[in-house]
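Please open the model in the viewer and keep the selection panel at hand. The tour proceeds from the ligand to a single helix residue and then to the whole chain.

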Amino acid sequence: MTADDPLVEPAVPDDFTEHLVERYGSPLYVYDLDRVRRAHQDLSSALPESSRIYYSLKANPHPALVAELRTLGARAEVTSRGELASALRAGCPAGELLYSGPGKTPGELVEAVHHGIRHFSAESFGDLARIGAAADEQGARAECVLRINAAGAPGGAGLRMTGSASQFGFDLDGLFAEPERLDVPGTRVVGLHFFPLTNARDEEGLRAEIVQSIRTAAELRDKLGIPLQLVDLGGGFAAPYAVPGERPTYPGLRAAVTDALDESLPDWRDGAPVIAFESGRYLVGDSGRLMCTVTDVKDSRGTRYAVLDSGINHLGGLSGLGRLLPMSARPLRTTPGEEPRRTTLAGPLCTPADLLGRNVDLAGVRPGAVLEFPNVGAYGLSASLLGFLGHPAPAEVVVRGERVLSASRLSLHRQEIDEVPGARNAKDTDQAKELT
Ligand SMILES: *Cc1c(COP(=O)(O)O)cnc(C)c1O
């Protein structure tokens, strides 16, 4: 390598994030808490006044983001032991958490109750029975919202979560057929939970779904006598992913949802029921950036490849699940003054699936160049194939504006464990006690 060879000339850090790469290495995630704050403000003002907002840790369980959202008044929605631990570490009071998700195991439920969780979303009669058993054996009572799989509003955009066969939620038919199965010792049904779609850019579709959920809630209260202390209307608020762009705004949502609430659940203003929404990507998506570095540039049969030090092991692993679009990331900045060239962005993994973006117009791509992928604060690192091929995780730096608050790195490491006789049938109560 010589300094005057343009192919190995290192990129000159020219702003704050590149400066962070100098300090903490590449690749590197940067999360800006100021942006989390703005997103929370924008979402609050798009929703009916005094709505409760749950932050879905699925989008990003980093405790600094969770703690910031807690300070802003959001509560945590968790679906696993790991997310529960993150929420508690971030200072979220256990009594305010909502524990949801299909397939909650008896052991995990016992632990959750032991930690003081009292609010659960029940996904089926079986799930409700297991929540009840875990609470009952500890002398507690779990307050449950029933997740509803209802045929939603016609049309609409986004990835539909419910309305057809689904592992999520109660089908309305099933509820109407056997309402007596809702009477479970250790539980009290306190409301309903809807999550019909996600990532809805189109306000009209989103509004129609939410209004439909409100009507369904009122109908279930009237026909089945389901008490409504809490109605969680889900969300579906969209955010760009790994490409430049802005979060959508929903200027007409507040008025439309407020009208629907006044009509169907008129006591909502007195907190009967409390109205809640959930969001992951909208709250944290634009807070995160991934900085990475070009390792190699090569041309193969007419296609130019830039091989990066970060791939689907750090970003976009979820696209491997097949329900999402293939990755099509586009970095923020290219070198000014240079002619862009069509480039395919590959990661370092030994699989042809490791592509972050195809045919992206980029200038200044050379080994050592630093690229910045914007809008990756949600479904970034924790949604990726971190264990695949054994590259270290990127550092994660939390900033507020240009002030660094923390820097850390996740690691996967093997831990020796002891044999637990009867582990398969053991209730995990003792294990749960050890965790506290
Ligand atoms: C995934 C999920 C969310 C968060 O979705 P976003 O699109 O990130 O806002 C909220 N609630 C439930 C039940 C989910 O499964």
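A polar contact is a pair of N or O atoms within 3.5 Å. With that cut-off in mind, select the ligand and Glu278 in this predicted model: a polar side-chain atom of Glu278 lies 2.4 Å from a nitrogen atom of the ligand.

Next, add Lys58 to the selection, where an N or O atom of the side chain is 2.9 Å from an oxygen atom of the ligand. Then display the backbone of Gly280, which places a polar atom 2.8 Å from a ligand oxygen atom. Of the 390 Å² that the ligand exposes when taken alone, the protein buries 94%.

Now extend the selection to the surrounding shell: Ser56, Lys58, Glu77, Arg147, Phe195, Thr198, Glu278, Ser279, Gly280, Arg281 and Tyr379. Coloured by residue class, this shell shows five charged, four polar and two nonpolar residues.

Move on to helix 8, which spans residues 203-224, and select Thr216 within that helix. Is Thr216 buried or exposed? Thr216 counts as buried, because its relative accessibility is 6%, and buried means under 20%. Beyond its neighbours within four places in sequence, Thr216 is in contact with Ala150, Leu172 and Phe194.

Finally, return to the full protein in a cartoon view, where eleven helices and 19 strands can be traced. Of its 436 residues, 51% are buried. Among contacts with a separation of 6 or more, 72% join residues 24 or more positions apart. Switch to a surface view to end the tour: the protein exposes about 20,200 Å², of which carbon and sulfur atoms supply 49%.

Technical notes:
Residues numbered from 1 in each chain as written. Predicted model: local features only at pLDDT ≥ 70, side-chain atom pairs only at ≥ 80, totals over all residues. Heavy atoms only, no water. Helix = DSSP H or I, 4+ residues; strand = E, 2+ residues; numbered from the N terminus. Buried < 20%, exposed > 50% of the residue type's maximum accessible area, 1.4 Å probe, protein only. Contact = heavy atoms within 4.5 Å. Near = heavy atom within 4 Å. Polar contact = N/O pair within 3.5 Å; in protein donor to acceptor, adjacent residues only side chain to side chain. Areas by Shrake-Rupley, 256 points an atom, 1.4 Å probe, with all protein chains shown as cover. Nonpolar A, V, L, I, M, F, W, Y, C, P; charged D, E, K, R; others polar.
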